[in-house]
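Me: I am new to reading protein structures. Can you take me through one, feature by feature?

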Amino acid sequence: MRLSLFVAVFATCFTSGVFLPYHALGASAIDLQFDSNVSSDLKTQVLTDFQFIQSVTSSKESPLHNEIFGKIDGANYLSWFQTRVKYFGVNSCGGGGAVACVKPEYANKIWVTGNYTGIDHPQIARLMTLYHEARHTEDANDNWPHAQCPSDYPYRSIWTGKRLAGGYACDSTVYGSYASASIMLNNISKFCENCSDKVKQDAKLYSDDQVLRVIDAASSERLKQDFSI
């Protein structure tokens, strides 16, 4: 995808560039540098969410999960994210229905919007969004750009309710952001050995939604096979 189109999809306004290290909650589960406009409540929420994902464990995972994330293990999840994201900010990301975004000029950084902070979603859904954006930081893979949803695409954003038809809000590969986040959550819903029933139910709900974003027939079939394991 051309840079201009990528920026149109994942654009964000320039932020202050001032970072504040944050190591709260005792021994922090993750080392992130937060922009100065990130509230203390949001910092605490993010760190608490990562403390949860760090605790996840399982003795089984699907082939695609193993290929993308490795074993279902909190340390693996944490390392996977931390090698991709080091900076966290809040921005409008171009407005509209954006929940979070990245921008190629800012390596290893993600932003969340008011839709992320102002709409109540389960913890596993918040993590899904952050891992989705982390996938977009992989410039070696052209940042895994989204595909354009068909003009008759019938689904809406599970986060905002915004119509997705015609927008760049779908995937055409099992390795894209929507697909990989769906793989992660599907595996947690099936195989996590220390997750509550509520977490597993939430993970399945959001995984089932995100997999609908994969519009390539061969990729969709591959995901179905992986999810049936």
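Reply: Start with one term. A residue is buried if its relative accessible area is under 20%. Keep in mind that this is a predicted model. Now look at helix 4, residues 74-82: its buried residues are Gly74, Tyr77, Leu78, Trp80, Phe81 and Gln82.

Me: What covers the buried residues of helix 4?

Reply: Cover is read from contacts, meaning heavy atoms within 4.5 Å. For helix 4, the cover includes helix 2, helix 3, strand 5, helix 6 and helix 7.

Me: Which residue caps the N-terminal end of helix 4?

Reply: Look for a side-chain atom beside a backbone atom. Here the cap is Asp73. One of its side-chain oxygens lies 3.0 Å from the backbone nitrogen of Ala75.

Me: Now the whole chain. How many helices and strands does it have?

Reply: The protein chain has 9 helices and 5 strands. Read from the N terminus, the order is α-β-β-α-α-α-β-β-β-α-α-α-α-α. Burial can be given for the whole chain too: 51% of the 229 residues count as buried.

Me: Strand 5 was part of that cover. Which way do its side chains point?

Reply: Read a strand by its two sides. In strand 5, residues 109-112, Lys109 and Trp111 point one way. Ile110 and Val112 point the other way. All four are buried.

Me: How does strand 5 run relative to strand 3 and strand 4, parallel or antiparallel?

Reply: Take each pair in turn. Strand 3, residues 87-90, runs parallel to strand 5, and 4 bridges join them. Phe88 stands opposite Ile110. Strand 4, residues 100-101, runs antiparallel to strand 5, with 2 bridges. There, Cys101 has Trp111 as its bridge partner.

Me: Helix 6 was on the list as well. How many of its residues are buried?

Reply: Count along the helix: 13 of the 14 residues in helix 6 are buried, so the helix is mostly covered. Then check its span. Helix 6, residues 123-136, reaches 21 Å from first C-alpha to last. That is close to the 20 Å expected at 1.5 Å a residue.

Me: Let me try a loop. Why does Gly166 count as partly exposed?

Reply: Compare its area with the cut-offs. Partly exposed lies between buried, under 20%, and exposed, over 50%. Gly166 has a relative accessible area of 31%, so it is partly exposed. Gly166 sits in the loop between helix 6 and helix 7.

Me: Which residues does Gly166 contact, beyond its neighbours within four places in sequence?

Reply: Gly166 is in contact with Gln148, Cys149, Pro150 and Ser151. Pro150 is 16 residues away in sequence, yet the C-alpha atoms of Gly166 and Pro150 are 5.3 Å apart.

How values were computed. Residues are numbered from 1 along each chain as its sequence is written. This is a predicted model: local features need pLDDT of at least 70, side-chain atom pairs count only at pLDDT 80 or more; totals for chains, interfaces and linings use all residues. Side-chain values use heavy atoms; hydrogens and water are left out. Buried means under 20% relative accessible area, exposed over 50%, partly exposed in between (1.4 Å probe, protein chains only). Two strands pair if DSSP finds at least two bridges between them. The expected span of a helix is 1.5 Å times one less than its number of residues. A polar contact is a pair of N or O atoms within 3.5 Å; within protein, one must be able to donate a hydrogen and the other to accept it, and residues adjacent in sequence count only if both atoms are side-chain atoms.
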